[in-house]
Amino acid sequence: MKIGFIGLGAMGSAMASNLVAAGHAVTVWNRSEAAAEPLVSLGARRASTPDRAAQGDVLCSMLANDQAVREMILDSGLLDAMDRGTVHVNHATISVALAQQLVAEHAKRGLEYVAAPVFGRPDMAAAARLNILVAGRPAAIERARPLLEAMGSRVWPLGEAPERANVAKIAGNFMLAS
């Protein structure tokens, strides 16, 4: 499968490396070009721009927060550069309001949106042992399932409304912090 991956911090780079190891054709992009180097050495392709990374079957993104997701996915015009039917799998922990906005903006363009926030740290991501919460349209989740399984030890389906995965992730973070 042709996969784009945007956001190569400690978590994102570990997750993308598992997709490369699973045999997917992975194209990566990060604001800092140096973050892509280890993945390129594993066989990933480096995209010169985010929209180049989004030219595949599935786009995965692992960005820091609402602001980063809004800037990269909504404000940059990235959604307009994606082919109809592409599945965007967002691994970031974001607000319910932003998740709902992402659903609407993807639907306007004929794109699929799946929320798939993760529980785990970079060492668990590197070992493909993340717990991945997932919500979205069933067909979109099934297209993304091989990728989720390559990155995690358990996939937790939470229904069709993507914001459910974000609510569960925020509640889980709260429980862990308490």
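## A buried lysine and its surroundings

Leaving aside neighbours within four places in sequence, Lys169 is in contact with Thr93, Pro117, Val118, Phe119 and Leu133. In this predicted model, Lys169 belongs to helix α9, which covers residues 163–177. One of the residues it touches, Val118, also offers a polar partner, since the side chain of Lys169 reaches the backbone oxygen of Val118 at 3.0 Å.

Which side chain of opposite charge is nearest to Lys169? It is Asp66, but this residue is 11 Å away, and Lys169, although buried, has no salt bridge. A salt bridge would need a side-chain nitrogen of Lys or Arg within 4 Å of a carboxyl oxygen of Asp or Glu, so a separation of 11 Å does not qualify.

## Salt bridges

Although Lys169 has no such partner, a search of the whole structure finds 7 salt bridges. In one of them the side chains of Glu37 and Arg46 meet, with N and O 2.6 Å apart. Both partners are partly exposed, Glu37 having a relative accessible area of 39% and Arg46 one of 35%.

Another salt bridge joins Arg145 and Glu149, with 3.9 Å from N to O. These two residues are 4 residues apart in helix α8, which runs over residues 138–151, and they are therefore separated by about one helical turn. Arg145 counts as partly exposed at 21% relative accessibility, and Glu149 counts as partly exposed at 47%. Elsewhere, salt bridges that share partners join Asp80, Glu105, Lys108 and Arg109 into one network. Within this network, Glu105 forms a salt bridge with Arg109, their closest N and O atoms being 2.8 Å apart. Is each of these two partners buried or partly exposed? Glu105 counts as buried because its relative accessibility is 16%, which is under the limit of 20%, whereas Arg109 counts as partly exposed at 24%.

## The largest pocket

The largest pocket has a volume of about 310 Å³. Of the 15 residues that line this pocket, the closest to its centre are Arg31, Met62, Leu63, Ala64 and Ala68. Helices α1 (10–21) and α4 (66–75) each supply at least two residues of the lining, and α4 gives the most, with 3 residues.

## A positive phi angle

Ala128 has a positive phi of about 55 degrees, although this residue is not a glycine. Ala128 is found in the loop that lies between α7 (122–126) and β8 (130–136).

Methods:
Residues numbered from 1 in each chain as written. Predicted model: local features only at pLDDT ≥ 70, side-chain atom pairs only at ≥ 80, totals over all residues. Heavy atoms only, no water. Buried < 20%, exposed > 50% of the residue type's maximum accessible area, 1.4 Å probe, protein only. Lys, Arg positive; Asp, Glu negative; His and termini not counted. Polar contact = N/O pair within 3.5 Å; in protein donor to acceptor, adjacent residues only side chain to side chain. Contact = heavy atoms within 4.5 Å. 1 Å grid on protein atoms, 1.4 Å probe; cavity = no way out; pocket = protein on both sides within 12 Å on 5 of 7 lines; lining within 4 Å. Points joined across faces, edges and corners; volume = space filled by probe spheres on them.
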